[in-house]
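Biologist: I should like to learn how to read the features of a model, one at a time. May we begin with a single side chain and work outward?

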Amino acid sequence: MTGSVSSHTWLVAGSYLAAGIIGALLLRVLFTRLQRKAEQTRWRGGDIVAAFLRLVAPWCVATSCTWGAVLALPLRSGTRYDLDHALLAVIVVVISLGSAKVAGVAVHAGATSHAGTSGSATIFVNITRVVVWTIGGLVLLDSLGVAITPLLTALGVGGLAVALALQDTLTNLFAGVHILASRKVQPGDFIQLDNGMQGYVVDTNWRNTIIRQLPNNILVVPNATVASSIVTNYHLPEHEMSVTVACGVSYESDLEHVERVAAEVGREVMLEVEGAVPRHEPVIRFTDFGGSSVNFNVGLRASDVSAQALIIHEFIKRLHSRYAQEGIDTSSPTATTIVYANSREELPLTLLRPLPRPGLTPPRRSRSGRLAARYSRGRPGRRRRGSRKGS
């Protein structure tokens, strides 16, 4: 400070500081209540603006009042210069943080605006925040008197080396941007990849796509894999989907009766089962003559892919019960085993003479077979071994 400072000067400086503190607290309370009120409205922009003012306004008021106190004091030029730049840096940092937060919330709201979305596209949120922080950092350096042109040049040259070192990471990053920008796969959609993996898309970050499977497991897939795969999106163009149930009845069944009963059971399932589409009329189409049954398909409709299992379960159970009541046979013929009784089954296989087929010459027996048959019957005109006269 230069010379002595009067009490009036200290009083003015203290008044500035007190006004800044009190004003910051009052604005904090005011914008907190305003944000709560804005969250109850349908317009998402109100709470975003209130959140930005709640974060930035108190700091700006406090910093401005502190700056007024600095100007009221008789400080040296060097000290005043340093304090001026420090307070300016505080304001730039506060505005940059507030802008980054508000931009992230706005992108989050835009990513979750369409129906059925349960997560957020954090890749866009993170990119937006990094861009805002970078701009804020450049403004801060420029306000502090640092030349940013050589810095930008150095960053451009070094960025090439970084890109080569992080090639896989950047591949997944741009693949994630491509996935979300195309709007073919969004958080909340139920998808299936060409390798059979399926589930709800929870989030797409800078490297991976998070998929929640139906058993409530988390599947982490690199963005490049999703971008290069053949993806089936069950939520486009709408959430409703067809459910086909394959059935079959015996050849003796009345197909008109079979079709009428299946249609009645299908309408019952559409009206009573949760997740079915009540306005849908079941469709029955006979497909082919099977080896043991006449096959047909029943077309039902589910409001979401997760409801198809319950619809199929209820339809099969109710159709089976109804067919049993109506006397419709759905069983397949069973194989019958025929067992022939043989009085010679106790004899050795080598002693059994094969039965000739009608019209065919009996097969010639081998030498070992003829000898076995001859010794088993005994040769005529020759005594058997061990027999004696008079015995």
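Biologist: Is leucine 97 buried, exposed or partly exposed?

Modeller: This is a predicted model, and the class is read from a computed relative accessibility. Buried means under 20% and exposed over 50%, with partly exposed in between. Leucine 97 counts as partly exposed because its relative accessibility is 45%. The residue is in helix 3.

Biologist: Which residues form a nonpolar patch on the surface?

Modeller: Leu97 belongs to this patch, together with Val93, Val130 and Trp133. Their accessible area together is about 360 Å². Helix 3 (77–111) and helix 4 (122–143) are the elements that each give two or more residues to the patch.

Biologist: I would also like a buried case. What is the relative accessible area of threonine 63, and which residues does it touch?

Modeller: Threonine 63 has a relative accessible area of 7%, so it is buried. It is found in helix 2 (residues 44–72). Leaving aside residues up to four places away in sequence, threonine 63 touches Leu87, Val90 and Ile91.

Biologist: How does one read a whole helix, and which residues of helix 6 are buried?

Modeller: The general idea is that an α-helix has 3.6 residues a turn, so residues three or four places apart point the same way. In helix 6, the buried residues are Asn172, Ala175, Gly176, Ile179 and Leu180. Viewed down the axis of helix 6, these buried residues fall within an arc of 125 degrees, and therefore they line one face of the helix. On the other side of helix 6, Gln167, Phe174 and Ala181 are exposed.

Biologist: Against which elements do the buried residues of helix 6 pack?

Modeller: They pack against helix 4 and helix 7 (223–228), and also against strand 2 (198–204), strand 3 (208–212) and strand 4 (218–222).

Biologist: What span does helix 6 reach, and what follows it?

Modeller: Helix 6 (residues 167–182) has 16 residues and reaches 22 Å from its first C-alpha to its last, close to the 22 Å expected at 1.5 Å a residue. Just after helix 6, arginine 183 takes a positive phi of about 60 degrees.

Biologist: How many helices and strands does the protein chain have, and what share of its residues is buried?

Modeller: The chain has ten helices and eight strands. Of its 391 residues, 31% count as buried. The accessible surface comes to about 25200 Å², and 60% of that belongs to carbon and sulfur atoms. Among contacts between residues at least 6 apart in sequence, 64% join residues at least 24 apart.

Definitions and conventions. Residues numbered from 1 in each chain as written. Predicted model: local features only at pLDDT ≥ 70, side-chain atom pairs only at ≥ 80, totals over all residues. Heavy atoms only, no water. Patch = residues over 30% accessible without salt bridge, like charges linked within 9 Å, V, L, I, M, F, W, Y side chains within 5 Å. Areas by Shrake-Rupley, 256 points an atom, 1.4 Å probe, with all protein chains shown as cover. Salt bridge = Lys/Arg side-chain N within 4 Å of Asp/Glu carboxyl O. Helix = DSSP H or I, 4+ residues; strand = E, 2+ residues; numbered from the N terminus. Buried < 20%, exposed > 50% of the residue type's maximum accessible area, 1.4 Å probe, protein only. Contact = heavy atoms within 4.5 Å. Expected span 1.5 Å × (residues − 1). Arc of directions from axis to C-beta.
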